[in-house]
Amino acid sequence: MTANTNASAEKPGGSQKRRKKKDRHARGLMPGVEKTIPDGGFVFREHETAQEVFIIKSGTIEIFKAFPEEGHDLRNVTLGTLRASAMFGEMALIDDQLRMASARTVGGQVELHVIYRKQFDSKLNGANLFISKLLKILAENVRSSSEKVK
């Protein structure tokens with residue numbers, strides 16, 4: 001039996017992990033573009049047109065809607081708080097509507113993976129028809145429910 005004397009020998013599975021990560025990028029499962037947003041910065045605002053979906057790499061995102069109050073400024077209502085690995089912004093691409101809420105960073109800067117419309121649409125168009133229709137119905141239900149929040 002011969003000992004491995006190669007000083008650059010890797011730990012078991014090390015090169016496999018790098019290869020797997022590289023393969024995910026090659027197959028388009030992970031976005032290749034990253035974006036950093038400072039603390040308190042907006043990723044997008046309610047009523048904007050959508051061209052991207054985001055996956056949180058690190059940090060925290062608040063999703064909120066602004067409601068007018070008689071005699072006051074707008075009142076923000078938090079719909080959700082998202083952390084690492086959460087995807088957001090997808091509804092506007094699923095149903096081709098304007099953004100239904102705003103998204104901003106809270107508690108520090110946020111690093112995001114960006115998925116552009118073309119890449120998102122190619123994934124959605126490749127999905128089973130039942131799944132595609134179900135996603136559109138769910139997006140419609142969420143929009144309808146959010147209109148009732150005040």
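Me: In this predicted model, does Glu62 count as buried or exposed, at 12% relative accessibility?
Reply: The cut-off for buried is under 20% relative accessible area. Glu62 comes in at 12%. That puts Glu62 below the line, so the label is buried.

Me: Which side chain meets Glu62 in a salt bridge?
Reply: Side chains of opposite charge can pair when their charged atoms come close. Here the N to O distance is 2.9 Å, and the cut-off is 4 Å. The partner of Glu62 is Arg104.

Me: How many residues apart in sequence are the parts that Arg104 and Glu62 tie together?
Reply: Arg104 belongs to strand S7, while Glu62 belongs to strand S4. The pair therefore ties together parts of the chain whose separation in sequence is 42 residues.

Me: And which ring does the charged end of Arg104 sit over?
Reply: Arg104 has a salt bridge with Glu62, but there's a ring in the picture too. The charged end of Arg104 is 4.1 Å from the centre of that ring. The ring belongs to Phe64.

Me: Over how many bridges do strand S4 and S7 pair?
Reply: Strand S4 covers residues 61-67, and S7 covers residues 102-105. One of the contacts puts Ile61 opposite its bridge partner Thr105 in S7. The sense is antiparallel, and the number of bridges is four.

Me: What about strand S2 and strand S7, in what sense do they pair?
Reply: Strands of a sheet pair through backbone hydrogen bonds, either parallel or antiparallel. Strand S2, residues 42-44, pairs with S7 over two bridges, and Phe44 stands opposite Ala103 in S7. The sense of the pairing is antiparallel.

Me: Are the rings of Phe44 and Phe88 stacked, edge-to-face or tilted?
Reply: A pair of aromatic rings is described by the distance of the centres and the angle of the planes. The search of the whole structure turns up four aromatic pairs. For Phe44 and Phe88 the centres are 6.0 Å apart and the planes make 35 degrees, so the pair is tilted.

Me: Which strand holds Phe88?
Reply: Phe44 is in strand S2, and its ring partner Phe88 is 44 residues away, so to speak a link between distant parts of the chain. Both Phe44 and Phe88 are buried. The strand with Phe88 is S6, residues 87-88.

Me: Which residues form one aromatic cluster?
Reply: Phe44 and Phe88 make a ring pair. The cluster also takes in Phe54. Put together, the members are Phe44, Phe54 and Phe88.

Me: Which residue lies over the face of Phe42?
Reply: The distance to use is 3.6 Å from the ring centre. A charge over a ring needs to be within 6 Å of that centre. The residue over Phe42 is Arg45.

Me: Which strands stand at the edges of the open sheet?
Reply: Four strands make up this sheet, in the order S1-S8-S3-S6 with antiparallel pairing. An edge strand has a single partner strand, so one side of it is left without a neighbour in the sheet. That applies to S1 and S6.

Me: In S8, what is the bridge partner of Val33?
Reply: S1 and strand S8, residues 110-116, pair in the antiparallel sense. There are five bridges between them. Opposite Val33 in S8 stands Val114.

Me: Which residue forms a salt bridge with Glu111?
Reply: The closest N and O atoms are 3.8 Å apart, against a cut-off of 4 Å. The link runs from Glu111 in strand S8 to a residue in strand S3, 54 residues apart. That residue, partly exposed at 39% relative accessibility, is Lys57.

Me: How many salt bridges does a search of the whole structure find?
Reply: One of them joins Glu69 and Arg75 at 2.7 Å, N to O. Glu69 is partly exposed with a relative accessible area of 32%, and Arg75 is partly exposed with 29%. The count for the whole structure is eight.

Me: Which helix is the place of Leu134?
Reply: Leu134 is in a nonpolar surface patch with Phe130, Ile131 and Leu138, about 370 Å² of accessible area together. At 35% relative accessibility, Leu134 counts as partly exposed. The helix spans residues 129-148, and its label is H4.

Technical notes. Residues are numbered from 1 along each chain as its sequence is written. This is a predicted model: local features need pLDDT of at least 70, side-chain atom pairs count only at pLDDT 80 or more; totals for chains, interfaces and linings use all residues. Side-chain values use heavy atoms; hydrogens and water are left out. Patches are made of residues with over 30% relative accessible area and no salt bridge: like charges are joined within 9 Å, nonpolar side chains (Val, Leu, Ile, Met, Phe, Trp, Tyr) within 5 Å. Accessible areas come from the Shrake-Rupley method with a 1.4 Å probe; for residues, only the protein chains shown count as cover. Buried means under 20% relative accessible area, exposed over 50%, partly exposed in between (1.4 Å probe, protein chains only). Two strands pair if DSSP finds at least two bridges between them. Rings of Phe, Tyr and Trp (its six-membered ring) pair if their centres lie within 6.5 Å; planes under 30 degrees apart count as stacked, over 60 as edge-to-face and the rest as tilted. A charge sits over a ring if NZ of Lys or CZ of Arg is within 6 Å of the ring centre and within 35 degrees of the ring normal.
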